[in-house]
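Visitor: Could you take me through this structure step by step, and let me ask about its parts as we go?

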Amino acid sequence: MKRRRLAAVATLVALAVIAAACTSKSSSSNGGGTTDAGPVTITLWHGYGNIQSPNGQVNYEAKSLTGLIDAFNKSHPGIQVKADYVGSNDNAYQKLTVALSGGTQPDITYQYGTSMPSLATAPNIMDLTQTVQGAGWNWNDFFPGERAAATVNGHVYGIPALVDNLAIVYNKNLFDAAGVSYPTADWTWDDFVSASKALTDPTKQQFGVGFPADASEDTVWHFDAMLWAAGGDILTPDNTKATFNSDAGVQALTTLQQMAVTDKSMYLDQQNTKLDDLFNSGHLGMMITGPWALSGYPDVHYGVQIMPSYAGGTHASISGPDMWVLFNNGDARAAAAVTFMQWFTATEQVASDSMIAGHLPTRASVLQQPDFLKQFGAKFPGSDVFAENLANVPKARPTITTYDQISQIMGQAIVSVLLGQSQPKAALDDAAGQVDNVLAGQ
Amino acid sequence: MQVSTGLRAAAAAEEAKRPRGDKGRGAGDTLAGWLFVLPSVILIVVFGLLPIVWGFVLSLQKASLISPIRPFAGVENYTKIVHDPLAIQAAEHAVYYTFLFVPISMGLAMFVAIALNRKIALIRTYRLAVFIPVAVSTIATGVMFLWLFDKTFGLANFALGKVGLGPFGWFDSPKGALPSVVIMTVWGWLGFDAIVYLAALQGIPAQLVEAAAVDGAGRWSTFRNVTLPLLGPASLLLMVWSTISAIQLFDEVYFVTKGGPLGATNVPVFYIFKLAFTSSFGFGMAGYAAALAYMLFVAIMLVTLFQFWAGGKMVHYST
């Protein structure tokens with residue numbers, strides 16, 4: 001009897017030790033910032049990877065980020081910013097959902113702009129509407145498309161973290177071999193279609209252009225840019241009805257249909273995993289892609305040109321601004337997070353990040369710095385065209401909670417046309433009907 | 001619940017009748033026993049039972065995983081399943097996939113296992129080669145098959161073109177996508193089934209096979225009347241196991257086809273994932289996703305019970 005009780009006590013003690021180990025571990029990682037002594041510690045989640053990537057090359061995105069954070073921590077002794085790499089940005093929203101359910105959200109996290117409407121309903125998310133109007137922020141210096149993406153129902157919930165846009169990236173050697181002249185800044189979509197046809201050669205397994213046809217948002221935003229170039233828009237200005245089935249929408253989708261179905265000059269990547277490899281190995285004449293893709297084309301002698309236009313229209317592009325989103329984990333940490341974000345997204349730091357990581361500047365004032373574009377283009381060939389192309393982005397996609405649903409419906413319509421299963425007008429009308437139902441709250 | 005309460009009452013009555021003495025179990029013993037199993041019990045409760053209960057509560061709410069506001073929805077999440085064309089489509093695809101995947105993988109595995117069940121040179125190498133795909137990660141398998149089955153650049157279409165077939169769309173064609181997933185998953189799981197069959201084959205007593213030969217049975221007759229019945233328990237195990245994993249198909253679809261093209265590979269778990277963790281079908285669908293997950297659980301349980309019942313009627317031998 002006695003022996004058994006001893007065993008029971010021993011088990012209890014063992015459990016207590018384990019429990020203590022668990023709690024002390026979690027308190028040191030979470031509660032460090034709340035104590036009065038020492039600096040306030042805040043956590044920042046990002047998806048830039050580690051400085052030394054597995055293939056031994058330096059990851060300049062991570063290097064730029066950690067370099068700036070180190071500089072901040074040195075110059076602001078009251079605040080310690082701790083950067084945590086939490087895996088690919090593609091999963092940042094899911095990871096945050098889990099953290100929010102458990103109340104373990106970071107102070108600052110990197111999120112895609114398209115997640116903003118959902119995030120606006122999250123508990124403890126910081127409403128920055130007043131903050132960014134404060135002294136030293138110069139909020140209107142961020143590009144209009146970025147500010148629109150950061151704002152949900154008139155409230156600012158994000159600070160622009162990264163901006164990109166779409167442009168033509170083309171393989172100069174394939175153009176030379178086919179005797180086609182390079183894209184120019186006044187190209188029309190007709191020029192694009194005929195060049196794509198001329199670059200196509202089935203015997204060499206060579207296509208004029210590659211297109212992401214997985215019906216994801218990647219498919220949809222390529223279409224959005226063309227829709228805007230044709231003078232159309234996704235929804236009515238008050239976001240109550242679909243308008244992408246207008247003549248402009250039909251014109252844009254007919255252009256894609258021409259290349260994919262009629263000319264067969266478009267390689268449709270239905271899983272959206274192969275395009276960069278195919279372009280880099282010389283199987284695709286053109287891509288419509290963003291600045292992030294350039295580093296994936298070391299084997300191609302490429303050029304970059306802004307988007308084509310429709311007759312009389314604009315060379316509209318689209319940008320997908322990503323955001324830093326802040327959560328209130330107590331007054332001290334919230335204030336520290338704001339202080340850091342203001343410093344981190346100021347002109348000087350944005351310019352430094354652009355020159356090290358190759359990111360397009362999020363602020364117009366950086367572009368206006370003398371010689372910035374020249375130096376940027378010299379260090380990252382082609383990226384200067386993307387930087388200038390920021391001015392061609394007329395608007396942002398609707399920042400409403402139903403946007404992902406709308407995108408899903410549009411993506412299916414676009415792909416069904418690209419696969420030759422339906423006609424542009426019919427597919428878009430059908431999709432518009434579904435979107436109207438979604439917008440009406442059904 | 002009633003059953004266990006009744007059992008407990010019976011046990012308590014039994015306990016009360018028993019004379020107290022050194023042989024009886026005292027309160028301290030019970031306590032010690034519980035304390036010893038407590039760590040495992042805590043793990044099972046926290047990571048197993050609580051999520052199951054919480055998932056059920058969630059299935060009765062209109063909830064997103066982000067917002068703390070979760071209005072009660074009653075059984076609405078369950079009743080609307082029958083009106084959801086995508087849920088029905090996913091269920092149809094699950095049935096279609098299961099009816100292809102389970103017989104093909106088990107039939108091929110039995111064939112491969114018999115081929116591997118002999119003493120020839122390099123037999124270990126062959127066995128290893130069959131098992132390697134099981135050890136390869138799903139993502140690596142996916143990348144490989146994406147290129148293998150590429151409609152333009154793929155080796156499969158190239159080889160079939162040499163004999164005048166194709167080109168096929170594979171993952172890119174709405175009709176061919178799900179059969180292509182079947183091919184990929186059969187390749188990936190064949191080794192596992194083959195190992196189970198191989199173990200069962202080696203457990204068949206040699207004297208039974210010899211006796212059949214003495215009685216003048218040919219190779220086919222021996223297989224049909226001796227080997228196949230004795231593989232019954234292994235077949236039942238594999239059938240239950242493969243059916244459950246077929247109904248829960250997710251990784252391959254998530255990585256390779258993403259439910260496409262045009263919904264051709266929309267399967268239950270993938271649909272539940274998209275409802276719960278993305279806003280592709282709207283915001284606040286986590287409750288509905290939980291309801292679907294519960295229905296899936298019930299469906300799998302019914303199928304499994306049926307298989308055990310039917311298997312019990314057909315499997316007479318054990319080795």
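**Where the chains meet**

Visitor: How many residues of chain B are in contact with chain A?
Guide: This is a predicted model, and the contacts described here are computed from it. On the side of chain A, 33 residues take part, and the residues of chain B that are in contact with them number 30.

Visitor: Which helix of chain B supplies the largest share of the side that touches chain A?
Guide: Two helices of chain B, H2 (27–59) and H12 (251–257), each supply at least two residues of the side that touches chain A. By class, that side has 18 nonpolar, nine polar and three charged residues. The largest share of it, eight residues, comes from H2(B).

**The sheets of chain A**

Visitor: Which strands stand at the edges of the open sheet E2-E1-E3-E12-E6 of chain A?
Guide: Five strands form this open sheet, and their pairing is mixed. An edge strand has a single partner strand, so one side of it is left without a neighbour in the sheet, and the strands in that position in chain A are E2 (79–85) and E6.

Visitor: What is the bridge partner of Thr43(A) in E2(A)?
Guide: Strand E1 (residues 40–46) of chain A pairs with E2(A) in the parallel sense, over seven bridges. In E2(A), the residue that is the bridge partner of Thr43(A) is Lys82(A).

Visitor: How many residues of strand E12 of chain A are buried?
Guide: Both faces of E12(A) are covered, with Asp322(A), Trp324(A) and Leu326(A) buried on one side and Met323(A) and Val325(A) buried on the other. The strand, residues 322–326, is therefore largely enclosed by the rest of the structure, and the count of its buried residues is five of the five.

Visitor: What is the bridge partner of Pro160(A) in E12(A)?
Guide: E12(A) pairs in the antiparallel sense with strand E3 (residues 108–112) of chain A over five bridges, and in that pairing Ile108(A) has Leu326(A) as its bridge partner. Strand E6 (residues 159–162) of chain A also pairs with E12(A) in the antiparallel sense, over three bridges. In E12(A), the bridge partner of Pro160(A) is Met323(A).

Visitor: At about what angle to E1(A) does helix H11 of chain A run?
Guide: Helix H11 covers residues 331–344 of chain A and lies across E1, E2, E3, E6 and E12 of that chain. Its angle to E1(A) is about 60°.

Visitor: In the other open sheet of chain A, E9-E8-E10-E7-E11, what does the twist average from one strand to the next?
Guide: This sheet has five strands and mixed pairing, and its edge strands, E9 and E11 (302–305) of chain A, each pair on one side only. Within it, E8(A) and E10(A) run parallel and are joined by three bridges, with Phe207(A) having Leu284(A) as its bridge partner in E10(A). From one strand to the next, the twist averages 25°.

**A helix against the sheet**

Visitor: Within what arc do the buried residues of H7(A) fall?
Guide: In helix H7 (residues 189–198) of chain A, the buried residues are Trp189(A), Phe192(A), Val193(A), Ala195(A) and Ser196(A). They line one face of the helix, because, seen down the axis of H7(A), they fall within an arc of 165°.

Visitor: Which helix of chain A do the buried residues of H7(A) pack against?
Guide: These buried residues pack against three strands of chain A, E8 (207–212), E9 (266–269) and E10 (284–289). The helix of chain A that they also pack against is H9 (247–262).

**The core and two lysines**

Visitor: Which helix of chain B gives the most to the largest nonpolar core?
Guide: That core has 184 residues, and those with the most contacts inside it are Tyr197(B) and Ala289(B). With 14 residues, the helix that gives the most to this core is H8 (residues 177–202) of chain B.

Visitor: Is Leu275(B) buried or exposed?
Guide: Leu275(B) lies in helix H13 (residues 268–277) of chain B, and its contacts beyond four places in sequence are with Phe281(B), Met285(B), Tyr288(B) and Ala289(B). Because 25 other C-beta atoms lie within 10 Å, Leu275(B) counts as buried.

Visitor: Is Lys258(B) buried or exposed?
Guide: Lys258(B) lies in the loop between H12 and H13 of chain B, and its phi is near 50°, a positive value in a residue other than glycine. Because it has 20 C-beta neighbours inside 10 Å, Lys258(B) counts as buried.

How values were computed
Residues numbered from 1 in each chain as written. Chains lettered and ligands numbered in written order. Predicted model: local features only at pLDDT ≥ 70, side-chain atom pairs only at ≥ 80, totals over all residues. Contact = placed C-beta atoms within 7 Å. Helix = DSSP H or I, 4+ residues; strand = E, 2+ residues; numbered from the N terminus. Nonpolar A, V, L, I, M, F, W, Y, C, P; charged D, E, K, R; others polar. Buried ≥ 20, exposed ≤ 12 C-beta atoms within 10 Å, placed from the backbone. Arc of directions from axis to C-beta. Core = buried A, V, L, I, M, F, W, Y, C linked by C-beta atoms within 7 Å. Pairing = 2+ DSSP bridges. Axes fitted to C-alpha atoms, helices over the stretch in contact; angles between N-to-C directions.
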